[in-house]
Amino acid sequence: MSISVIGTGRAAFHLGHALQRADCTIVSVTGRSADRTQELATALNATPLSPTDQLPNSDVILIAVSDDAIAEVAKELPTSDAVFVHLSGASGFERLAPHAHRAVLWPVMTLSPGVPMDFARIPLVVDANTERARSLVLSFANSLSERVTQLAHADRELVHAAAAISTNFPLHLLDAAQALLQANNIPSDLIVPSFSAMAEKARVLGPHDALTGPARRGDIGTVHRHLDRLTQVPDLRAAYALLSNMILRAYGHTDHDQHDV
């Protein structure tokens with residue numbers, strides 16, 4: 001299977017290396033930065049191209065750019081029998097117009113800088129608008145990962161929202177919590193070990209059983225004392241109250257409604 005990669009960012013880097021390890025042929029890498037394009041193309045044994053260069057013939061055109069740029073990039077590419085693939089969990093097929101064969105390959109994983117990731121256990125979500133596109137994207141998704149799931153756009157958006165809730169929000173709350181400690185001249189790294197341990201406990205026990213804390217126990221007095229200490233950070237206080245109420249209800253403390261916190 002031959003693949004032309006459009007983009008030189010994290011997604012192009014990690015997926016390009018994974019496809020190469022799966023014996024796919026990366027024929028070209030197209031990017032705006034000549035240096036980054038050359039670097040990635042060299043690593044993938046591919047031809048470096050600028051956005052104005054003509055793409056070689058390939059089975060797949062992999063558009064690994066930001067969500068907002070997908071449609072613009074797709075419109076600039078000549079139509080062909082290739083399958084055009086984007087990597088966005090939140091974007092539909094319309095962004096790949098006007099191309100006939102369109103597919104999605106979404107790694108449900110945060111892609112960070114560093115060494116190329118092993119995709120074997122990373123969930124991949126796929127979808128396609130034609131049988132040809134579906135067959136092809138399933139073929140190379142299954143060559144990359146043991147966990148391939150087909151989901152329509154509405155379901156992908158729901159998974160995308162769930163991923164944002166479960167990964168982005170905890171990190172932002174950790175950042176806000178550390179800022180709170182720093183503002184009070186308390187070492188911010190005091191809470192990092194418990195954050196790391198929480199993720200492992202959630203993996204082993206499941207998040208419902210791993211959760212601890214005053215709201216989990218129904219300790220309303222402690223929750224109110226925490227809220228009293230957060231009056232100088234109203235956004236964080238509001239988040240604490242909302243999440244505490246969700247936890248109280250989830251763990252059966254039904255005598256406490258939203259007005260209690």
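Which side chain meets that of Asp127 in a salt bridge of 3.5 Å, N to O? In this predicted model, the partner is Arg134, whose side chain forms the salt bridge with that of Asp127. Asp127 also takes part in a salt bridge with Arg156, where the N to O distance is 3.0 Å. This pair connects distant parts of the chain, since Asp127 belongs to strand E7 (residues 124-128) and Arg156 to helix H5, with their positions 29 residues apart in the sequence. The residues of these two bridges differ in their accessibility class: Asp127 counts as buried because its relative accessibility is 10%, under the 20% limit, and Arg156 is likewise classed as buried, at 0%, whereas Arg134, at 21%, counts as partly exposed.

In the structure as a whole, the search finds four salt bridges. One of them joins the side chains of Arg203 and Glu200, at 2.6 Å from N to O. These residues stand three places apart in helix H6, and so about one helical turn separates them. Arg203 counts as exposed, with a relative accessibility of 60%, while Glu200 is partly exposed, its relative accessible area being 39%. Elsewhere, Asp127, Glu131, Arg134 and Arg156 are joined into one network by salt bridges that share partners.

The nonpolar residues can be considered next. In soluble globular proteins, nonpolar side chains tend to be buried together. The largest nonpolar core of the model comprises 35 residues, and Leu19, Leu62, Leu105, Phe119, Phe140 and Leu144 are those with the most contacts inside it. Helix H4 (residues 131-144) supplies the largest share of this core, namely seven residues. Another core, of 11 residues, lies apart from it and includes Ile6, Ile61, Ile63 and Ala82. When residues up to four places away in sequence are not counted, Leu62 touches Ile3, Ser4, Val5, Ile6, Leu15, Leu19, Val85 and Leu87.

Nonpolar residues are also found on the surface, where Leu173, Leu242, Leu243 and Met246 form a patch with about 330 Å² of accessible area together. The largest share of this patch, three residues, comes from helix H10 (residues 234-250). Leu243, which is placed in helix H10, is partly exposed, because its relative accessible area of 37% lies between the limits of 20% and 50%.

His14, in helix H1 (residues 10-21), is buried, with a relative accessible area of 1%. A polar atom of the His14 side chain lies 2.6 Å from the backbone oxygen of Ser112. Apart from neighbours within four places in sequence, the residues in contact with His14 are Leu111, Ser112, Gly114, Val115, Pro116, Met117 and Phe119.

Several features of the backbone were also found in loops. Ala97 and Pro98 are joined by a cis peptide bond, with omega about 15°, and Pro98 is placed in the loop between strand E5 (83-86) and strand E6 (101-107). Asn45, a residue other than glycine, has a positive phi near 55° and lies in the loop between helix H2 (34-43) and strand E3 (47-49). Asn185, although it is not a glycine, has a positive phi of about 60°, and its place is in the loop between helix H5 (153-183) and helix H6 (192-205). Asn45 counts as exposed, at 65% relative accessibility, and Asn185 is also classed as exposed, at 73%.

Definitions and conventions:
Residues are numbered from 1 along each chain as its sequence is written. This is a predicted model: local features need pLDDT of at least 70, side-chain atom pairs count only at pLDDT 80 or more; totals for chains, interfaces and linings use all residues. Side-chain values use heavy atoms; hydrogens and water are left out. A nonpolar core is a set of buried Ala, Val, Leu, Ile, Met, Phe, Trp, Tyr and Cys residues joined through side-chain atoms within 4.5 Å. Buried means under 20% relative accessible area, exposed over 50%, partly exposed in between (1.4 Å probe, protein chains only). Helices (H or I, at least four residues) and strands (E, at least two) are DSSP runs, numbered from the N terminus. Contact means heavy atoms within 4.5 Å. Patches are made of residues with over 30% relative accessible area and no salt bridge: like charges are joined within 9 Å, nonpolar side chains (Val, Leu, Ile, Met, Phe, Trp, Tyr) within 5 Å. Accessible areas come from the Shrake-Rupley method with a 1.4 Å probe; for residues, only the protein chains shown count as cover. A polar contact is a pair of N or O atoms within 3.5 Å; within protein, one must be able to donate a hydrogen and the other to accept it, and residues adjacent in sequence count only if both atoms are side-chain atoms.
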